[in-house]
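Here are some exercises to work through with the structure open beside you. Try each task before reading its solution.

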Amino acid sequence: MSNQVALTGNEAMAQAMKQINPDVVAAYPITPQTEVVQMFSQFVADGAVDTEFVTVESEHSAMSATVGAAAGGARAMTATAANGLALMWEIVYIAASTRLPIVMPVVNRALSGPINIHCDHSDAMGARDSGWIQLYAENAQEAYDNAIQAVRIGEHEDVRLPVMVNMDGFIISHAVENLELLADEDVKEFIGEYTAEHTLLDTENPIAVGPLDLQDYYFEHKVQQAEAMENAQKVVVEVAKEYKNLTGRGFEYFEEYKLEDAEIAILALASTAGTAKAAVDKLREEGVKAGLLKLRMFRPFPAKEVAKALSGLKAVAVMDRADTFSTIGGPVFADVRSALYDVKSDVEVVNYIYGLGGRDTTVEDLEFVYNDLQGIVNSGEVNKRVKYLGVRE
Amino acid sequence: MANLTEIRWHGRGGQGSKTASILLGKVASKTGKNIQAFPEYGPERMGAPVLAFNRISDEKLTVHCQVYSPDIVMVLDPTLLESVDVDEGVPADGTIIINTTLQPSEIKEKLGFDGKVFTVDANGISTEEIGAPFPNTPMLGALIKATGLLEFEGFKTEIKKEFEKKFASKPEVIDGNMKSIERAYQEVKSE
């Protein structure tokens, strides 16, 4: 049984957390994530969840308490955004390397400075190498769906990794949209009971968590982390299939929108992918063979599958809502271009860095990108590989 | 997109533009529409000009940018006409509904706008019915009458449920809000 509702992204995320009913949530409020924590704390106060809610004095402590709870065998969650994620940094890496299946909604916001509360992906993209699985959502429905699936993905015995569930700040977090919620019992059944294999509280089988790990084993442990990420690719697909059976919704690594016969395409993640669909529809009416690849999973990066989906195209624009300041493009671009290198494809790939600090990205902006791709196809030339979209000269 | 209605709300911080857009969105959703309701988050200050938006459609909505060519503009404060270009991007057959004691013809002349203009004294109505100027809920009544966006009886049933949730701690204001909507529906003026 599902239930059609109109909620903000933050309300939907709080509902997902309520239905997941974690053992422990330790969180610190930060715009635009604040409402998630505020609403969840109300659920705790109302007795609607069984969660031990730990109020902390900073995000560093939030992640530390979450790590502690997870090491004790609890199903533990937190949530953050932007500078909050930055303050967690040290412990974010420790969560992954300790192989703790924490689920953390990140309501994406531009990282300071200059200080800005609006959406871009500089927060999560900065954490791309932290060893967390990263899922991105086009809308509130997908953010909700990803949060529920994240529990299963992270806790899978072949994975045991934390998962970041990303949602665009304000654009999704503060906008009301229609979505369907699952019934509480369906979520409970889908995620199942969590039993950690090793926990600090298992006094029969005592363990140490976080001991010094020098030249002798550190490297092996990092390779095991990488292997877990490889395993996550398989598990993400399994969980997505099962979720689709339950709800009729969802995607594995990405959604292909009118991509099958497309000649030019945009690769985007998060809310802009939805706006790009409108641009594709307009161009299709004009006879332009435009398509879209909407990436759901950025970590691990589904290189083979992305390359296969794009290799037959003539030109692709990769959209990055974060800059790396490498001067050679954004983080998604780097991975997509690298993935395509192996398949020896002739597809031209260009990069647009867009929407930093919440700069609005319109249907017309994305049509402009498709027109640029059409120009590349017609002329056979790329005049500039990396561009900034919608920025004033 | 077929059957897509885009709305832009102009108000001042504290007047409830965001709340009005969310109430409209939630009610329209209950009637089976696909909806979006979202404010523009700037540096909000009490009294500063603010914006909120709606998209309402029979089809699934995927666009996630602001509304630039609204079919309907709602103006919650008449003094905004002095400082904000409220008809920006509005097509020639668009609709502007404004909280004012002036006549539609006077507003049309002031704006130099040729489309449809409706006026309603939402401050006066809410002051009488709720006890203070809360123009946002009466403006919803005016919107439904002027545009026929939703069927009025169904709208009232659903918005009452939203009020019952929103005002759970002060149920005494529900009747005043409902009366404000009803009166604005009756009293909104066209040319």
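**Exercise 1. Work out the strand order of the open sheet in chain A, and name its edge strands.**

Solution. Start with the order: in this predicted model, six strands of chain A make up an open sheet that reads E9-E11-E10-E13-E14-E15, with mixed pairing. Next, look for strands that pair on one side only: these are E9 (254-257) and E15 (386-389) of chain A, the edge strands. Then consider the twist: neighbouring strands are turned by 25° against each other on average, direction ignored.

Now take one pair from this sheet. E10 (residues 264-269) and E13 (residues 315-320) of chain A run parallel and are joined by four bridges. Within that pair, A:Ile266 has A:Ala317 of E13(A) opposite. Finally, find the helix that lies across the sheet strands: H12 (residues 363-379) of chain A lies across E10, E11 (290-295), E13, E14 (348-354) and E15 of chain A, and runs at about 140° to E10(A).

**Exercise 2. Find which residues A:Ile266 touches, and place A:Ile266 in the largest nonpolar core.**

Solution. Leave out residues up to four places away in sequence; A:Ile266 then touches A:Ala276, A:Leu292, A:Ala317, A:Met319, A:Leu366, A:Val369 and A:Tyr370. Now step back to the core: the largest one has 185 residues, and A:Ile266 is among those with the most contacts inside it, together with A:Val165, A:Ala265 and B:Ala142. Helix H6 (residues 140-155) of chain A gives the most to this core, with eight residues. Both domains of chain A take part, as domain 1 (2-247) and domain 2 (254-389) each provide at least three residues. As background, nonpolar side chains tend to be buried together in soluble globular proteins.

**Exercise 3. Describe how domain 1 and domain 2 of chain A meet.**

Solution. Begin with the bounds: domain 1 of chain A covers 2-247, and domain 2 covers 254-389. Their C-alpha centres lie 28 Å apart. The contact takes 27 residues from domain 1 of chain A and 20 residues from domain 2 of chain A.

Then look at the domain 1 side. H5 (122-126), E6 (133-136), E7 (163-168) and H8 (218-247) of chain A each supply at least two residues there. H8(A) has the largest share, five residues. By residue class, the domain 1 side splits into 14 nonpolar, eight polar and five charged.

**Exercise 4. Which elements of chain A each supply at least two residues of the side that touches chain B?**

Solution. First count the contact: 18 residues of chain A meet 16 residues of chain B. The elements asked for are strand E8 (176-182) and helix H9 (271-285) of chain A. H9(A) gives the most, with six residues. The chain A side holds seven nonpolar, eight polar and three charged residues.

Now follow the strand across the boundary. E8(A) pairs with E2 (residues 34-39) of chain B in the antiparallel sense, over two bridges. There, A:Val176 stands opposite B:Ala37 in E2(B).

**Exercise 5. Why is B:Glu162 classed as partly exposed?**

Solution. Locate the residue first: B:Glu162 lies in helix H5 (residues 152-166) of chain B. Count its neighbours: B:Glu162 is partly exposed because 18 other C-beta atoms lie within 10 Å, whereas a buried residue needs 20 or more and an exposed one has 12 or fewer. Last, check its partners: beyond residues up to four places away in sequence, B:Glu162 touches B:Leu23, B:Lys26 and B:Val27. The C-alpha atoms of B:Glu162 and B:Val27 are separated by 7.8 Å, although the two residues are 135 residues apart along the chain.

Note on methods. Residues numbered from 1 in each chain as written. Chains lettered and ligands numbered in written order. Predicted model: local features only at pLDDT ≥ 70, side-chain atom pairs only at ≥ 80, totals over all residues. Contact = placed C-beta atoms within 7 Å. Nonpolar A, V, L, I, M, F, W, Y, C, P; charged D, E, K, R; others polar. Pairing = 2+ DSSP bridges. Core = buried A, V, L, I, M, F, W, Y, C linked by C-beta atoms within 7 Å. Domains from an automatic or database assignment. Axes fitted to C-alpha atoms, helices over the stretch in contact; angles between N-to-C directions.
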